Amino acid sequence: MCSLVFLLIGFCWGVITVYKYVFPFEQIKSIKSFFLPSLPVTNAPSKPRNELFKIFCPQSDVVMIGDSITEYALWNEIFPYIRIANRGVGCDRTDDILERMEEIFSVNAKKAFLMFGINDIFAGVDVNTIFNNYIQIIKKLQDKNISCYVQSTLECSKLGHELQLKYIRSLNRKLKKYCTSNGLEYININNEIDESDYTADGIHLLASGYLKWSKTIALYFPAEYQKVELHKN
């Protein structure tokens, strides 16, 4: 009977460890990283969306760069008065974006709005590595004379994601400091968006979230393009 009780307690603690990231989650992650350093975590074996970018590259004034959170927005419908290319790809991490820079350059945009990093964090990538990749992306864009607007990585729900939220905030602090030191615009999207009201799953945005986001970045467009198109019944 005692063995059964201890087994049940062990099982329950294991479940809590995985879903709440309590002891010994960090220790297990460190051991896994030590013994399996060559096995990258990935969510998708291929990126057919990026294959489209290699063929279709309309000339644009603005390019949106990111992961699924960027991809899901209908940017051309939100900003119908400006040529805007959506280069968001679901599951993309910073290293994936570095590999598809040519498809981003091909639209010849003058401005780039960046927002990514959450997939890296959920894959267990170190914040410093994410930050360094981010800076490489910025510098590659600047080498093409593209103005960079760094948007804060969107915070996920606090419920069950406390560890990831801590890392997201750490990344955002690094990005803000870098932008301040290098004369870049840092746009804090999280000031306007609270996950309880604007997302369905704690990560991806509802239409109301995209409305808040688009109104925030519209301020960085020329005056004649600042209008956000709203659906009217």
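**Exercise 1. Strand register**

Which residue in E3 does Val 63 stand opposite? Work from the pairing of the strands in this predicted model.

*Solution.*
Step 1. Identify the strands: E1 covers residues 62–66 and E3 covers residues 111–115.
Step 2. Establish the sense of the pairing: E1 and E3 run parallel, joined over five bridges.
Step 3. Read off the partner: Val 63 faces Ala 112 in E3.

**Exercise 2. The sheet**

Determine the strand order of the open sheet and identify its edges.

*Solution.*
Step 1. The sheet is built from five strands in the order E2-E1-E3-E4-E5, with parallel pairing.
Step 2. Strand E2 (84–88) and strand E5 (185–187) each have a single partner strand, so they stand at the edges and one side of each has no neighbour in the sheet.
Step 3. As for the twist, neighbouring strands are turned by 20° against each other on average, with direction ignored.

**Exercise 3. A salt bridge between two helices**

Describe the salt bridge formed by Arg 49 and Glu 71, and state which elements it joins.

*Solution.*
Step 1. The two side chains meet with a distance of 3.9 Å from N to O, which lies within the 4 Å cut-off for a salt bridge.
Step 2. Arg 49 belongs to helix H3 and Glu 71 to helix H4 (residues 68–71), so the pair ties together parts 22 residues apart in sequence.
Step 3. Consider accessibility: Arg 49 is partly exposed at 24%, and Glu 71 is partly exposed at 23%.
Step 4. For context, a search of the whole structure gives seven salt bridges.

**Exercise 4. A salt-bridge network**

Which residues are linked with Asp 61 in a network of salt bridges?

*Solution.*
Step 1. Begin with the pair Asp 61 and Arg 83, whose closest N and O atoms are 3.2 Å apart.
Step 2. Locate both residues: Asp 61 is in the loop between H3 and E1, whereas Arg 83 is in the loop between helix H5 (75–78) and E2, 22 residues apart.
Step 3. Classify them. Asp 61 has a relative accessibility of 17% and therefore counts as buried, since the limit for that class is under 20%. Arg 83, at 44%, is partly exposed.
Step 4. Complete the network: Asp 61, Arg 83 and Lys 110 are linked in it.

**Exercise 5. Asp 92 and Arg 100**

Are the partners Asp 92 and Arg 100 buried or exposed?

*Solution.*
Step 1. Confirm the interaction: Asp 92 forms a salt bridge with Arg 100, with the closest N and O atoms 2.6 Å apart.
Step 2. Asp 92 has a relative accessible area of 2% and is buried.
Step 3. Arg 100 has a relative accessible area of 3% and is likewise buried.

**Exercise 6. The surroundings of Asn 172**

Where is Asn 172 found, and with which residues is Asn 172 in contact?

*Solution.*
Step 1. Asn 172 is part of helix H10 (residues 162–182).
Step 2. Its relative accessibility is 7%, so Asn 172 counts as buried.
Step 3. With neighbours within four places in sequence set aside, Asn 172 contacts Ser 152, Thr 153, Tyr 186 and Asn 190.

**Exercise 7. A nonpolar surface patch**

Which residues form a nonpolar patch on the surface together with Leu 52?

*Solution.*
Step 1. Place Leu 52 in helix H3 (residues 48–55).
Step 2. Leu 52 has a relative accessible area of 46% and is partly exposed; this satisfies the requirement of over 30% for a patch residue.
Step 3. Ile 55 and Phe 56 join Leu 52 in the patch, and together the residues have about 340 Å² of accessible area.

Conventions. Residues numbered from 1 in each chain as written. Predicted model: local features only at pLDDT ≥ 70, side-chain atom pairs only at ≥ 80, totals over all residues. Heavy atoms only, no water. Patch = residues over 30% accessible without salt bridge, like charges linked within 9 Å, V, L, I, M, F, W, Y side chains within 5 Å. Areas by Shrake-Rupley, 256 points an atom, 1.4 Å probe, with all protein chains shown as cover. Helix = DSSP H or I, 4+ residues; strand = E, 2+ residues; numbered from the N terminus. Buried < 20%, exposed > 50% of the residue type's maximum accessible area, 1.4 Å probe, protein only. Pairing = 2+ DSSP bridges. Axes fitted to C-alpha atoms, helices over the stretch in contact; angles between N-to-C directions. Contact = heavy atoms within 4.5 Å.
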